[in-house]
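Please open the structure in your viewer and show it as a cartoon. Keep the sequence panel visible, since each stop on this tour begins with a selection.

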Amino acid sequence: MVSIRDVAKRAGVSHQTVSNAINSPEVVSADTRDRIQEAIRELGYKPNASARRLRSGHSDTIAIGISTGENRAPSPIFDAFLHLLAERANELDKQIVLYARKDEEGELAHISALREQSDVGAVVLNELEIDDHRPQWLLNNGQPFVLFGRPWDLPQPIADRIPWVDVNGYAGIKSVTRKLIDQGRRRIGFIGWDTGTGTATDRESGWRDAILESHLAGCDQDLDTWSIGTQESVEAGIEAAYELFSRHDTPDTFPDAIVCASDSLAVGALIGLSRAVERDYILRTNIISLPHAIQRMIVVTGFDDSALSRVYSFPSVHQPLEEVTRLLLDMIVDITTGEKVTDDPRWHRLLEPRVVWRVRKDMY
């Protein structure tokens, strides 16, 4: 590793002068600073993180939890987000540390331990749950943090103090549903989550409002039969598709499209539809004749524009993760250097997604 003494030797100055140029540049002449900066670039020197922490009183480490145990579900979008976050943090000379997140109590214990070691400059929270106490704990303990998601259902004075970036899931799902309606689809089901979180409700509302505004549903009660909440997994999507088929098991009511809250659920819906035909499910329930089922393609859409949507070639909603990570890290830089989070819109950013429409071949 390149040391400060290596830089000093290359620049022809003492190691103390190099230290001054890095930490108190105003006390070093411009010509000397230029020579030192040139030596730093040539040698690829990076100041020691531990030394910087001792001098500044804060860490350049960013902590983020990864769900484990029964809370763990495959999440292509989180994996993509994590990779982009690490890449962007590295460009800013910041380090990412991961910790296991099984429940709220355990997560706060992890953060407390990191704080005691002075090893966490900021925390990234990913999505708030119902009755989530983490934001208030972090605020009470003066721990800088940012949120990927929105502070759903929190009192406004508290929400104003939380820096967050989110993607407008409501608008994305509504756009997808409207496009299906414009293409002539009239029996459009929805498969989302039963978690009761703000994100789950937001995405279901996008589908529901698009249907209601297009006068495709006779009443809210009837529309409820077209919406299914489940967990986040391919297997859950398969079971939800079966349930949707069983609720609408006549030729006049069988779905002609299914909007899903994630790409994983969309893959499950596609597999469920394919297996239903393969197992003669449609014939046994007298839904529709098999030749007609083969001729008719049921459109399934997802959300996240992950590799799954590209492999299975179905429409999805693209989240601008590059911008999400950039904004979150910019906020981290600001708050760790002493800026106060207020109700200014720059601390609370809602980004618009983009619909990616793919035409797939009939999979069954």
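The tour below goes from a loop to two groups of paired strands, then to a second loop and a pair of helices. Keep in mind throughout that this is a predicted model.

**Stop 1: Ser14**

Select Ser14, which sits in the loop between helix 1 (4-11) and helix 2 (15-23). Is Ser14 buried or exposed, or partly exposed? Its relative accessibility is 37%, so Ser14 counts as partly exposed. Now add Thr17 and show side chains: the side chains of Ser14 and Thr17 make a polar contact at 2.9 Å. Then pick Ile4, which is ten residues from Ser14 in sequence. The C-alpha atoms of Ile4 and Ser14 are 9.4 Å apart in space.

**Stop 2: the six-stranded sheet**

Next, find the open sheet of six strands, in which the pairing is parallel. Going across the sheet, the strand order is 2-1-3-4-5-11. Which strands lie at the edges? They are strand 2 (95-101) and strand 11 (348-351), each of which pairs on one side only. If you look along the sheet, the twist from one strand to the next averages 20 degrees.

Select strand 5 (residues 164-167) together with strand 11: four bridges join the two in the parallel sense. Within this pair, Trp164 stands opposite His348 of strand 11.

**Stop 3: helices across the sheet**

Keep the sheet on screen and add helix 5 (residues 76-91). Helix 5 lies across strand 1 (61-67), strand 2, strand 3 (122-126) and strand 4 (145-148). The angle between helix 5 and strand 1 is about 170 degrees.

Now add helix 17 (residues 321-336), which lies across strands 1, 3, 4, 5 and 11. Helix 17 runs at about 165 degrees to strand 4.

**Stop 4: strand 6 and its partners**

Select strand 6 (residues 188-193). How many residues of strand 6 are buried? Six of the six are buried, so strand 6 is largely enclosed by the rest of the structure.

Show strand 7 (residues 227-230) and strand 8 (residues 257-260) as well. Strand 6 pairs in the parallel sense with strand 7 over four bridges. Strand 6 also runs parallel to strand 8, again with four bridges. Ile191 is a useful residue to click on: it stands opposite Ile228 in strand 7 and opposite Cys260 in strand 8.

**Stop 5: Asp132**

Move to Asp132, in the loop between strand 3 and helix 7 (134-140). Its relative accessible area is 10%, and because buried means under 20%, Asp132 is buried. Show Glu129 too: its backbone nitrogen is 3.0 Å from a polar atom of the Asp132 side chain. Leaving aside residues up to four places away in sequence, Asp132 touches Glu104 and Glu127.

**Stop 6: helix 9 against helix 10**

Finally, select helix 9 (residues 169-182) and helix 10 (residues 198-213). The two axes come within 7 Å and cross at roughly 35 degrees. The crossing is right-handed.

Color the residues of the contact. On helix 9 they include Tyr170, Ile173 and Ile181, and on helix 10 they include Trp207, Ala210 and Ile211. Charged residues take part as well, among them Lys174 and Arg178 of helix 9 and Asp202 and Arg203 of helix 10. What kinds of residue make up this contact? Six are nonpolar, four are polar and six are charged.

Notes:
Residues are numbered from 1 along each chain as its sequence is written. This is a predicted model: local features need pLDDT of at least 70, side-chain atom pairs count only at pLDDT 80 or more; totals for chains, interfaces and linings use all residues. Side-chain values use heavy atoms; hydrogens and water are left out. Axes are lines fitted to C-alpha atoms, for helices over the stretch in contact, and angles run from 0 to 180 degrees between N-to-C directions. A crossing is left-handed if the near helix is turned anticlockwise from the far one by less than a right angle, and right-handed if clockwise. Contact means heavy atoms within 4.5 Å. Buried means under 20% relative accessible area, exposed over 50%, partly exposed in between (1.4 Å probe, protein chains only). A polar contact is a pair of N or O atoms within 3.5 Å; within protein, one must be able to donate a hydrogen and the other to accept it, and residues adjacent in sequence count only if both atoms are side-chain atoms. Two strands pair if DSSP finds at least two bridges between them.
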